[in-house]
Amino acid sequence: MIESGPQSGVPSAAPRRGDSPLPDAPTVPRTPAGAAPAAPDAAVIATYVAGYQPEDAPLLAARQRAREVGVAALDEAAGAALRVLTALSGARHVVELGTGAGVSTLWLLKGLRPDGVLTSIDSEPEHQRLARQSLSEAGVHSGRVRLIAGRALEVLPRLSDSGYDLMLCDAAPAENLDYLPAALRLLRTGGIVVFARALVGGRVADASARGAEVLAARDLARAVREEPRLVPALLPVGAGLLIAVKQDAPAG
Ligand SMILES: C[S@@+](CC[C@H](N)C(=O)[O-])C[C@H]1O[C@@H](n2cnc3c(N)ncnc32)[C@H](O)[C@@H]1O
């Protein structure tokens with residue numbers, strides 16, 4: 001087999017579309033011809049995935065605000081997945097638990113229909129003040145987002161039955177199991193519930209891990225899987241996204 005490239009003395013073929021790596025692509029070590037390519041480790045893949053859709057200036061600023069107050073914003077890959085899910089569901093009404101400084105809010109808005117409204121709940125008024133700054137910097141019209149300050153479990157009963165196309169749960173992980181019945185009530189048929197950080201940084205997969213957060217995540221994953229009205233999938237995106245589509249009849 002003749003190898004081409006600068007080392008071999010044989011000129012390379014003209015680059016085709018897709019040959020060149022994305023700007024932030026890490027260099028994957030080359031292997032001898034014929035050998036199975038070495039799989040890059042998970043951290044290298046995560047960096048590549050995160051760089052696939054670089055965040056714009058308002059998102060980077062929101063992320064910086066989150067960092068400054070110690071709020072764990074969703075990572076870029078999870079944000080991009082949220083945008084896809086929102087767009088895919090043709091969402092006009094989205095509810096978010098856990099506004100933080102607005103990183104996930106901005107990603108959700110990117111998938112929301114132009115006439116859509118996002119309702120976002122957070123118990124920390126200071127976080128919502130930062131989110132308001134993030135939204136204004138991104139040029140988001142005030143009518144597009146309804147920020148509600150309060151504890152999720154106290155605010156959720158005030159929201160309309162079947163009034164939402166998508167619900168993101170990223171507030172208090174210990175309350176996720178209690179958000180589930182609320183999601184079933186609030187979502188329309190075909191609506192999507194998303195639980196963020198469902199893999200707890202991968203620790204749920206470690207059989208010896210027994211921390212409260214891990215046990216809660218396992219309980220949640222089981223409850224979602226066993227709920228007959230939900231069609232679930234556990235996605236290894238970022239810290240994990242547990243997503244499920246609501247059906248009106250038991251899922252097949
Ligand atoms: C992980 S941060 C959310 C990050 C945000 N989703 C993002 O990606 O930028 C969790 C947020 O939930 C809020 N929170 C915690 N417990 C809550 C509760 N019981 N009800 C409502 N918000 C809560 C916190 O104040 C914090 O802003």
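What follows is a friendly conversation between a reader and an author about how the terms used for this structure are justified.

Reader: What kind of model is this, and how are residues numbered?

Author: This is a predicted model, in which local features need pLDDT of at least 70, side-chain atom pairs count only at pLDDT 80 or more, and totals for chains, interfaces and linings use all residues. Residues are numbered from 1 along each chain as its sequence is written.

Reader: How many helices and strands does the protein chain have, and what makes a stretch a helix or a strand?

Author: The protein chain has 8 helices and 7 strands. Both are DSSP runs numbered from the N terminus: helices are H or I runs of at least four residues, and strands are E runs of at least two.

Reader: Why is Arg197 called buried?

Author: A residue is buried if 20 or more other C-beta atoms lie within 10 Å of its own, exposed if 12 or fewer, and partly exposed in between, with C-beta atoms placed from the backbone. Arg197 has 22 other C-beta atoms within 10 Å, so Arg197 counts as buried. Arg197 sits in the loop between E5 and helix H8 (212–226), and its phi is near 60°, a positive value in a residue other than glycine.

Reader: Why is Ser162 called partly exposed?

Author: Ser162 has 14 other C-beta atoms within 10 Å, so Ser162 falls in between the two limits and is partly exposed. You can find Ser162 in the loop between helix H6 (152–155) and strand E4 (164–169). Its phi is positive too, near 50°.

Reader: And what makes Pro125 exposed?

Author: Pro125 has 11 other C-beta atoms within 10 Å, and the limit is 12 or fewer, so Pro125 is exposed. Pro125 belongs to helix H5 (residues 125–137). The C-alpha atoms of Pro125 and Ala149 are 6.0 Å apart, although 24 residues separate the two along the chain.

Reader: How much of the protein chain counts as buried?

Author: Of its 252 residues, 36% count as buried. Strand E4 is mostly covered, with 6 of its 6 residues buried, and strand E7 (residues 241–246) is mostly covered as well, with 5 of its 6 residues buried.

Reader: How do you know that E6 and E7 pair?

Author: Two strands pair if DSSP finds at least two bridges between them. Strand E6 (residues 230–235) and E7 have 6 bridges, so they meet that definition, and the sense is antiparallel. Leu230 stands opposite Lys246, Val231 opposite Val245, and Ala233 opposite Ile243. E6 and E7 form a hairpin with 5 residues between them, and Gly238 in the turn has a positive phi of about 55°.

Reader: Which strand pairs with E7 over 5 bridges?

Author: That is strand E5 (residues 187–196), again in the antiparallel sense. Here Ile192 stands opposite Val245.

Reader: In what sense does E4 pair with E1 and E5, parallel or antiparallel?

Author: Strand E1 (residues 93–97) and E4 pair in the parallel sense over 4 bridges, and E4 and E5 also pair in the parallel sense, over 5 bridges. Glu96 has Leu168 in E4 as its bridge partner, while Cys169 stands opposite Phe195 in E5.

Reader: What is the order of the strands in the open sheet?

Author: The 7 strands run in the order E3-E2-E1-E4-E5-E7-E6, with mixed pairing. Strand E3 (145–149) and E6 are called edge strands: each pairs on one side only.

Reader: What makes a set of residues a nonpolar core, and how many residues has the largest one?

Author: A nonpolar core is a set of buried Ala, Val, Leu, Ile, Met, Phe, Trp, Tyr and Cys residues joined through C-beta atoms within 7 Å. The largest has 62 residues, and Met167, Cys169 and Val194 have the most contacts inside it.

Reader: Which residues is Met167 in contact with, leaving aside its neighbours within four places in sequence?

Author: They are Val95, Ala183, Leu186, Leu187 and Val193. Two residues are in contact if their C-beta atoms, placed from the backbone, lie within 7 Å.

Reader: How many residues surround the ligand?

Author: There are 23, and the closest are Gly98, Gly100, Val103, Ser104 and Ala172. A residue is near a molecule or strand if its C-beta atom, placed from the backbone, lies within 6 Å of it. Helix H4 (103–111) and strand E2 (117–122) are the elements that give two or more residues to this shell.
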